[in-house]
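Q: Got a minute to go through this one with me? I'd like to start with the strands and then look at the cysteines.

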Amino acid sequence: MGVFTFATVPTIIAGPGSISRLGEAAGARLGPRVAVISDEGLVRAGLVEPALAALRAGGAEVSLYTGVIADPPEAIVQAAVTQARTFGATGVLGIGGGSSLDVAKLVALLGRSEEQLGDIYGVAKVHGQRLPLVLVPTTAGTGSEVTPISIITTGDHEKKGVVSPVLLPDIALLDAELTLGLPPAVTAATGIDAMVHAIEAFTSASQNNNPVSRSLAKEALRLLGAHIETAVLRGRDLEARQAMLIGSMLAGQAFANAPVAAVHALAYPIGGRYHVPHGLSNSLVLPHVLRFNAPACGEAYAELAPCLFPHLEDGTPEQRLASFIDGLSALPGRLNLPQRLRDVGIPRDKLSLLADDAMEQTRLLVNNPRPVSRADALAIYEAAW
């Protein structure tokens, strides 16, 4: 067992209805002027108002930015930062899916630091400090509330990440009542996204792959595997929804310290070029990356298999490996998600462009348990088409 580091959020508040404790738990930390980052859909759905009410009840003034969209471009980050600076924000609250939380992290940083966004893409490029930050997820998938990563779309389609422990929030608040209105397709795709985080963290080739992340990944898969179909098919089931939030958070803690790899590297171009939601992009390539990686980490996949599929506990390693990949291949269909790249409008003659884009994701590919060439990436896309 080598030397490793493990960093995570100092405080986690979890449980249905816990958003009502926001002012009590975080008001003093966020200060008297709170910039709230979210999106229009959540505001219309009434999911942001309880947070605003809790902050105001604690005496805070609030500035609400609702311009976040999926795969947020740099312009949205800059607009949100400008609004927060003009307001004189003393703290930042992000509430929403991964995009809102990622933007909130950068608003907290750039709202205080003099750094420029273009200078901090990559790993450990942040040198300044941030404003106090609280993150509240409304989907169970990205784990962004416990990761030191913010993903932004640059140019027409490329995605880049800011990776720094400075981006870890002060508090993550997990309230399943905020996820009850999620449509089944979003619940399914984000849930598979969280599964990918756990699987890739467990098998990450990163030198910081560690026993804490591996343990969290296993428990994440147990929770996600046991509850995803209930959450998708019976979306008002509060117990299943809270279990999905906890599973997503555990997977987020795992991959925040043992980074993800080729599934994400191949998924990002799908989202960047064709605006396919991130979780669905992961789902579309997952089985094919698993098959590609199996010669290098089949034993690890076999070890994970009973976490997702408890009936596989008694099989041989070879049986568990095969059934693990087959089970994850069949899961999107059971959850009524598209299963092929062609099903989301990606032309076959554009797969080479996706392969070119994927090879730019060196930050992720270096963590894959098996090296990925451009020819390998193209073959995976072909298999997924």
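The chat below goes through some strands and the cysteines of this predicted model.

Q: In what order do the strands of the open sheet with β5 come?
A: The order is β5-β8-β7, three strands with mixed pairing. β5 (122-123) and β7 (149-154) each have a single partner strand, so one side of each has no neighbour in the sheet.

Q: How many bridges join β7 to β8?
A: Six, and the two strands run antiparallel. β8 covers residues 158-163. As for register, Ser 150 is opposite Val 162 in β8.

Q: Moving on to β6. Is it mostly covered or open?
A: Mostly covered: five of the five residues in 133-137 are buried. On one side these are Leu 133, Leu 135 and Pro 137, and on the other Val 134 and Val 136.

Q: In which sense does β6 pair with β4?
A: Parallel, over five bridges, with β4 spanning residues 91-96. Leu 93 faces Val 134 across that pairing. β6 also runs parallel to β9 (residues 171-174), joined by two bridges. There Leu 135 is opposite Ala 172.

Q: New topic. How many disulfides are there?
A: Zero. Cys 297 is in none, and the nearest cysteine sulfur to its own belongs to Cys 307, 15 Å away.

Q: Why is there no bond from Cys 307 to Cys 297?
A: Because the sulfurs are 15 Å apart, which is too far for a bond. The cut-off for a disulfide is 2.5 Å.

Q: Is Cys 307 buried or exposed?
A: Buried, at 6% relative accessible area. Cys 297 is buried as well, at 7%.

Methods: Residues are numbered from 1 along each chain as its sequence is written. This is a predicted model: local features need pLDDT of at least 70, side-chain atom pairs count only at pLDDT 80 or more; totals for chains, interfaces and linings use all residues. Side-chain values use heavy atoms; hydrogens and water are left out. Two strands pair if DSSP finds at least two bridges between them. Helices (H or I, at least four residues) and strands (E, at least two) are DSSP runs, numbered from the N terminus. Buried means under 20% relative accessible area, exposed over 50%, partly exposed in between (1.4 Å probe, protein chains only).
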